[in-house]
Structure formats: C-alpha cells, structure tokens
Amino acid sequence: MLGYTLRRLLLAIPTLFGITIVTFIVINLAPGDPAQVQTQGIMDSNFSNRQYEALRQYYGLDQPILKRYGQWVWRLVRLDFGPSMSSDRRPVLDKIRERLWPTMSLAILSLGISLAVAIPIGIYSAARQNRLFDTVSSTVLYVLYSVPSYVMAVPLILLVAVQWNLLPFQGMKSDEYEALSALGKAADLVKHYTLITFCFSYGALAYYARFVRQNMLEVLRQDYVRTARAKGLRERHVVMRHGFRNALIPVVTLFGLLLPAIIGGSVILEVMFNWPGMGRLFFESMMSRDQTTIMALTFITACLVLLGTLLADLSYPFVDPRIAYD
Amino acid sequence: MFRSSLVHIMLAAAATVPLMIGGCRRPPTYDPAEDPLVNPPSMLASPPSDLSQIATDETLYLQLDGSPNTLNPLFGSSAYEMTVQGVLYTGPFSFDKEMDWMLNDEMVESFEESECHTIFTLKIKDGMTWHDGHPLTAEDIVFSWQQIRDPAVPCSAQKSGIEPVTECVALDKLTVKYVQPEPLATRLWNLSFPIIPKHIFEKDKQNNPDLITGEYYVAQSRKPVGSGPYRFVEWRENEQIVVERWEDYKGVKPYFKRIVFRIIPDSKMGLLAFEKGQTHAIEQLSAQQFAHETNTPTFTRVGYKAWGEQWTFSYIGWNMDGSNPFFTDVRVRTAMTHALDLDRIIENVFYNLATPCHGIYHPSSWMYNPAVERLTYDPQKSAALLDEAGWTVDPGDGWRYKDIGGINVRFKFTLLMPDGSPTAPLIAAMLQHDLKKLGIDMKTHRLEWSTFLDKVSKHEFQACTAAWGTGTDPDTGWNLWRTDQYKDGRNYIGYSNPRVDGLFEAGRREFDFEKRKAIYQEIHKIIYDEQPYTFINNRPTLAAIDKRIGGVQFSPRGIYNFYPGFYNWWIPAGQ
C-alpha cells in the first residue's frame, strides 16, 4: 500500500510538469497579455505603445517564454507563486487563500447535502423499481438535472429574496455582521448560504441519485443478491449489505473526481450571488490575463485532480475487499 | 454534476445571452420623455444653502460593478477604481461637469502662468494635511511628479499626461514651480496628476522602487492615507469599501457622512439590490433595464431614473490600411454608413434613449462643427456608391464582386466585436441583414475583451465595433487620428490624412480659443466626410437614483467622475 502510494506520488511529478508546461504555453499563445489589458483596457484615448512596452518589460513579458517558465518553476520549488500580474501586485497565494474558504465551504456543504439526500433516494427507488416513488422521483430529478443552476437562480432570488423578502442574496455576510452575537453571526451565515447552496446542490443531487439508483439496479440483478434472497435474508439486509455496498464502488470513483470541482467553483453562481470564491478569481484572472494567478490556480487544481484520483484508488480496498495493493 | 469545466461555463453563458434576447417579445415603443420616473425636478434640485435643511448624517450606498485592485491613485486602471480613489484624494486641479479645466479652490491659494505659457507657479493653502495629520506640502506634489516620471514605477495611465512637464520643483513649503519648455494649448491638463503622500511612499522605495510590490506597499494600497473629503475606513474584500467624511477637511464638506461602495458585479442583481434599498444609485443601467425593467412597483417605490447624454460614442471602424480590398475607398465606407438603419437601431436597440452620433465631437461640445450633416439610412444611395466604386452585383448569385488585378473578388468581410457589449450583436445583426440585401456578405465574430484588444491593436481585422470614451481636451484625439499613431497609438484603422495630422499639430500650439475652435471643427468635418468610422450613437447616461436624493448633475462622462459629482448629492433633512 505504502509502496503503491509512493510510486503514484512519484509518477505525479512528471504529470504535473507536463500540465504546467502546457498551460504556460497556452496562456502565452493566447492573444493579449496583462499589460495590454491594463494600458488599453479603458477605451480612453490617452495612451501610447511605449507605455505598453514598458509595462510588458515590468512584468517580464518581453523575456523568452522558456526562461520565464524556468523562473516560474524555480519560484514554485520554493513554494512561491509570485506576485499577481495586476495592478495590486499582491502575492498570488494571499489572493487564493482569501477566496479558498467561500468556495470550499460551499462545495463541501453542497456535496454533503446532495450525497446525504441522493443516496437514500437512489437506494429506495432502486429497491422499489417502477413503483410510484421511483417514477415520481425519477421525473422530478430529471427535471432538476435539466435546469441549469444559473437559470434556477434568477426566479429563486426573485421569489424568495425579493418577493417574500426571506433571505439575502448578495455576499456571505450582512453589513452589520461584525456587531452581531455569535449566535447572530451563525444565523446570518446560514441565511446567506441557503440560496446559493441550494443552487449549487440540486443538480449534483439529481445526478447522484440517478447514479446510485442505476448502480443499485445493476447490483440487485446479480446472482449473489438472488442467493441472498433465496437463503431467506430480510429484504432490508439484502439491499443494504449486499446491494448497497457493491453499488458504492463507482460512487467512490465519482467522489475522486469531485475534488477539482470543489476548488473550481462556479463562475456564474458566484457572480450572481456576489460570492467571493475561486471560480470568480479564475474567471477574473483569465479576463485580465493575470498569468501568475492563472498558473497558480491551474497548478493547485492539477494537484487536486491527482490527489483525488489517488484517494479514490486508495479507498477501493475498503469498499471492495477483492482489490488490494501491495 | 458540478459544472467544473470553465469552458463549459463560458459556453453556457454565451448560449444564454442570445437566448434571452431572442426569447423576449418585442416590447412596445418606449419614449423616455413620457416616463414620469425620468429626471424629475427633485432629483436635479440643487442643495439649499441652509445646511439645516439637509440631512448630513446619512450614508450613501453606491454600487461598484467590480472589485478594485488597488486604491493607490497612481495605479488605478478601471472606472470603478477611479471612483473610489477620487473621494480619498484631492489635487490642485480638477474639471467640472462641462469637462472644463478648473482650479480646486479648496486647495489652491494662487496659480500663475508665465506669459510665454511655459512656467507655472502654484501656491497651495497653508494648513492642509493628509488624513493621518501629516502636513500636505509642495514636497508631496514634487515627489508624486518624480514617481510618475520614474521608469521603475509602472503607472502607465499617468505617464503620457505629464510627459511635457520636464521640471517640477518646490520653491518653498507651499509653492511649486512647473516647467513645460514647449508652450502647449493642453498645458493646464498636463499639470493634473494624482498627489500621493511622500512621507508614506518614500519609506520602502529602496526595496521596492515600483511603489507597488512588497508587503508595505500592498498594505498601503489597501489602506490608503489620502487628502480628500472622505477618509478610508474599511475594505471588505469583494464586498464593500467604506469611507467616512473627514471632518478636518479644509474645503467644502460633502453632505453624506459616509459612503459605502458595494461591490455587485452582476447587473441584474445590482438592480434587485437597488430595489431592496441596499444601494442608492446605479451608475449605468442597460437600455433594456432603463426602458422596460424599471417600471415595476418595486422600483417605483424607491427610485427615479437619471437620463443624460455622454460624449462617448460607439462606432464601426473600417480598416483602411490597405490590408483588405474594400475599405480604402471612401465611397465604400460611405456606402456602409448609408446601409446602417440608425433610426431603427435607436428605437429597437436603445429604446429611444440614445442619440445618433454626428462624428468625433459631440454636438454640445465647442469642437463640434454644425456644418456637418449626418448621413442617413439610404440603401439606394449605398448601392449606387458601391456600383460607382466598382463593386457590382453578379446577377448569378446576387453578391457583389470587383475585378482586382484580374481576380474577381467577392465583397465579404468580418466584423469583430467585443463580447461585453449587449448592443453590438443586435446592431451587427441589423447591419448584416441590410448589407445582405445590397449583395455584401458580412460575418460577425465576437471576441473576449483582451483578445479583441490584441487583434485591433495589431490591425488584424477588416472591421471592428467599439466605443471611445471622451478625453477632456480635443487634443486627446491625437493618438486616434494622426498617421504616426498607426504604429504608436490607437489609430487601429490606419487613418491617414496629412491635413488632419497638421491640424492636430496646430491645435496643440494655438492659444487663441476661436482659432483653436476653428481647427478642431475642421478636423471634425474632414473626418466625418471621409467616414473612416461609421458613427453609431452617443452613449446615454442611464442611472438609477434613490428617490430622496437631489443635486444630481450630468457630465459628458456620466454622473460620477467630475467635480463635484456626488458631493453635490443631498437628502432633505427629516426624510
């Protein structure tokens, strides 16, 4: 197990290297650079190319690409992502750190909620295939899955936040947050999280529920399930112990792929709800061609993808004893 | 499933925009003059001189549509950054709602200009301080000038303005001497630059000569010590920036005690936040919102609408540098303008809120030439001009062709547009339709903003559509229209006319106002006649303002960035 993990980790190094070099080249091949966005971004006429060139020099963009990549790697080795290529010049890590929690908390929350709801629904509707609950839940889930979250967000905000005035719809905290008691703060946070968490969760929920149901159905058709039933086990026992445990294997694979989504966030929802998250940071850095921030975000995401798949692989033996690494 | 891929998200977003536009039924014609919410007298009422009638303890909530990167005025590059920086810092010079240069009486004791227009002596008032109590002196002005000149400081937006000022020295604690060796008509504008506190910014200069990198400067740019009527209180990242009236300010104090700049990036949510009373003003609504989404009970309860006209104009630029066979010919460019059904665009895209553009200078500016007659929609004239230019219709397929060096070239080109503009695709679609009837095949290509900038600045386009914000002096047109600015500046389309080059040169050196006016009027006429751009419309100011607020003024740049801007806004006491 340990040997396997080490081997996988070592293998990750060239993979990461490849990912970063490709990203670096792609960013640099894309038209436009941060100096251009900053000097010509405003459609005001007070500008000359000399200033553009000077700013390019300031950001080091006039250096050959390989040299710049080398510098980037050298900094990375010392765990330094460098300063942002925008007019604030803040260390990229500070910028990311600030945005990490809003996105992570949201993702973990919505992941937890959607799995907690989806798994029972999936199991129950598989166990009662084609009965009323299955048909109704399938229809509802299918509808939910088909409505993109940003389409759902608008009527939801209009109804709940504007018409009924029940919940806030902008940002993470109220203006008077700092003055609130601990309990008040918690209540304030819950209010702000509710709508956006719902929008974040329901699509995933629908997907997982369908996914679990599908896997359960396949498992329930297996011979060993028939055997279990034949030897007189209670149906509950058959479904949970023999069915569900085996249906869990593909769910674990899915789980591994979710880590990057956690950090990626959702640009549109974050903009709509004015949520200060990672998705927005990524989008804003793309728009302003903030190369150091884009590289840092890509690197972190790549690490998470690799970590996620590794964790998924490592957890297979726990759900399926036939799998073992030595 | 989480939509983790950015590409997907962007595709999805791109797909919804046309859907939303296409999905709407055509609303009834809108006439802003009939709308009771537009420019009511109470909104425009000047503040009374008796302060007791004004609520001076109120907080003004303003929407910012993006999160500022920095509050250091040297490095601001977006309009919303400048709005916040503007209230925190003050300087000796400013400009008013007519875009005329003015002395800031609150700071200036005296200002003199030598007869040869090259030496300027400024004396600032005694007793001025920075928000931390440190005295504001001539040294601060000189230091700021030195820093902007310093090649190590990457404040590109400020550099070109002060280039002609070759010397700036402190004669004593309060007196500054500026020298511009060349006498220029733009001399006064060249003296306007942000003033930053020397005692704060000289501290870490030896470690970080750019005044921006490093822990110290990053902290300074997020917790600025200014000199303006408001001082910095708090910045909650991505949420809001709070400033408070500085009671020790020596000049006229604004009426609002506090300003909270709320950062709301999404315009739909911005409108909802306004309707819920979370903001008191939205600087710019879309035409669609202004005409059709604000006559709701929720909006009417809290807000009025401010409608004005800006000097900013939108255009379609025809690349005439010879890289395509179409637009070097003035007849073709004129034919394009005649093919644009501007009246229909104003009615259907701008809901009668915008006015047609009459060339590079706005009709209300002194540079405008009233002799210019606007070209109107006239497909027949357009067809005749195209025939005359040699682009004739092939009866076989209906497209226009021209024989160029033995090759039969079809009239087919691509219009580039930036993706941020909601109106550009609609205008392009109308033009496309009209051009097709004329036998011209126009494709459109929407590009993300920085890609668009890259393409146009490298002249890699046939036609592009964008807008120009107005400069404070007509001389700022220098880098749009002079031949040498094809390489150095923003003459993206390759316009070249020696007469115009000469006129810009002359305008820069003319001190007699009437003569100077004649020069720019001539430029206006020549450029309009040559139609390097098809001028579309003047951008309207479309703001939402809380009902209680009075004193709103309009400038050619909108309602915020001029003096006094929102310092003039007030709420009657007891409301």
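How many disulfides does a search of the whole structure find over all chains? The points below take up this matter and several others in turn.

1. **Cysteines.** The structure is a predicted model, and the search of the whole of it returns 0 disulfides over all chains. Two cysteines of chain B illustrate the result. For C116(B), the closest cysteine sulfur is that of C168(B), and the 17 Å between the two sulfurs is too far for a bond. For C168(B), the closest cysteine sulfur belongs to C155(B); that separation is 14 Å, again too far for a bond, because a disulfide requires the sulfur atoms to lie within 2.5 Å. The surroundings of the two residues may also be noted: C116(B) is partly exposed, at 44% relative accessibility, whereas C168(B) is buried, with a relative accessible area of 3%.

2. **The largest nonpolar core.** In soluble globular proteins, nonpolar side chains tend to be buried together. Here the largest nonpolar core comprises 85 residues, and the members that touch the most others are Y178(B), F261(B), I545(B), F566(B) and W569(B). Helix α4 of chain B, residues 138-149, supplies the largest share of this core, with 6 residues. Beyond its neighbours within four places in sequence, Y178(B) is in contact with a series of chain B residues, including P92(B), F93(B), I119(B), F120(B), L122(B), I141(B), V165(B), L191(B) and F193(B). C168(B), discussed in point 1, is also one of the contacts of Y178(B).

3. **A second core.** A separate core of 38 residues is also present, and F95(B), C464(B), L480(B) and Y533(B) are among its members.

4. **Aromatic pairs.** Over all chains, the structure holds 54 aromatic pairs. The rings of Y528(B) and F535(B) form a stacked pair, because their planes stand at 20° with the centres 5.7 Å apart; the cut-off for stacking is an angle under 30 degrees. Both residues are buried: Y528(B) has 4% relative accessibility, and F535(B) has a relative accessible area of 4%. The pair formed by Y563(B) and Y567(B) is instead edge-to-face, with ring centres 6.2 Å apart and planes at 80°. Of these tyrosines, Y563(B) is partly exposed at 24% relative accessible area, while Y567(B) is buried at 18%.

5. **The aromatic cluster.** Ring pairs also join residues into a cluster made up of F313(B), Y315(B), W468(B), W481(B), Y492(B), Y495(B), Y528(B), Y533(B) and F535(B). The stacked partners Y528(B) and F535(B) therefore both belong to this cluster. Y533(B) is a member of the cluster and also of the second nonpolar core.

6. **Backbone geometry.** Most residues other than glycine have a negative phi, and most peptide bonds are trans. Which residues have a positive phi although they are not glycine? H459(B) is one of them, with a phi of about 60°; this residue sits in the loop between α16 and β19 of chain B and is buried at 14% relative accessibility. Q531(B) is another, with a phi of about 50°. Its loop connects α20 (513-530) and β20 of chain B, and Q531(B) is buried at 1% relative accessibility. In addition, the peptide bond from Y563(B) to P564(B) is cis, with omega near 5°. P564(B) belongs to the segment after β20 (533-546) of chain B, and Y563(B) is the residue that takes part in the edge-to-face pair of point 4.

7. **T451(B) and chain A.** Helix α16 of chain B, residues 449-457, contains T451(B). The side chain of T451(B) makes a polar contact of 2.6 Å with the side chain of E448(B). When neighbours within four places in sequence are left aside, the contacts of T451(B) are with P31(A) and R289(A). T451(B) counts as buried, at 11% relative accessibility.

8. **A three-stranded sheet.** In chain B, 3 strands make up an open antiparallel sheet in the order β14-β15-β16. The edges are occupied by β14 (392-393) and β16 (407-410), each of which has a single partner strand, so one side of each is left without a neighbour in the sheet. Strand β15, residues 400-404, pairs with β16(B) over 4 bridges in the antiparallel sense. In β16(B), N408(B) is the bridge partner of D403(B).

How values were computed: Residues numbered from 1 in each chain as written. Chains lettered and ligands numbered in written order. Predicted model: local features only at pLDDT ≥ 70, side-chain atom pairs only at ≥ 80, totals over all residues. Heavy atoms only, no water. Buried < 20%, exposed > 50% of the residue type's maximum accessible area, 1.4 Å probe, protein only. Helix = DSSP H or I, 4+ residues; strand = E, 2+ residues; numbered from the N terminus. Polar contact = N/O pair within 3.5 Å; in protein donor to acceptor, adjacent residues only side chain to side chain. Contact = heavy atoms within 4.5 Å. Pairing = 2+ DSSP bridges. Core = buried A, V, L, I, M, F, W, Y, C linked by side-chain atoms within 4.5 Å. Phe/Tyr/Trp six-rings, centres within 6.5 Å; stacked < 30°, edge-to-face > 60°.
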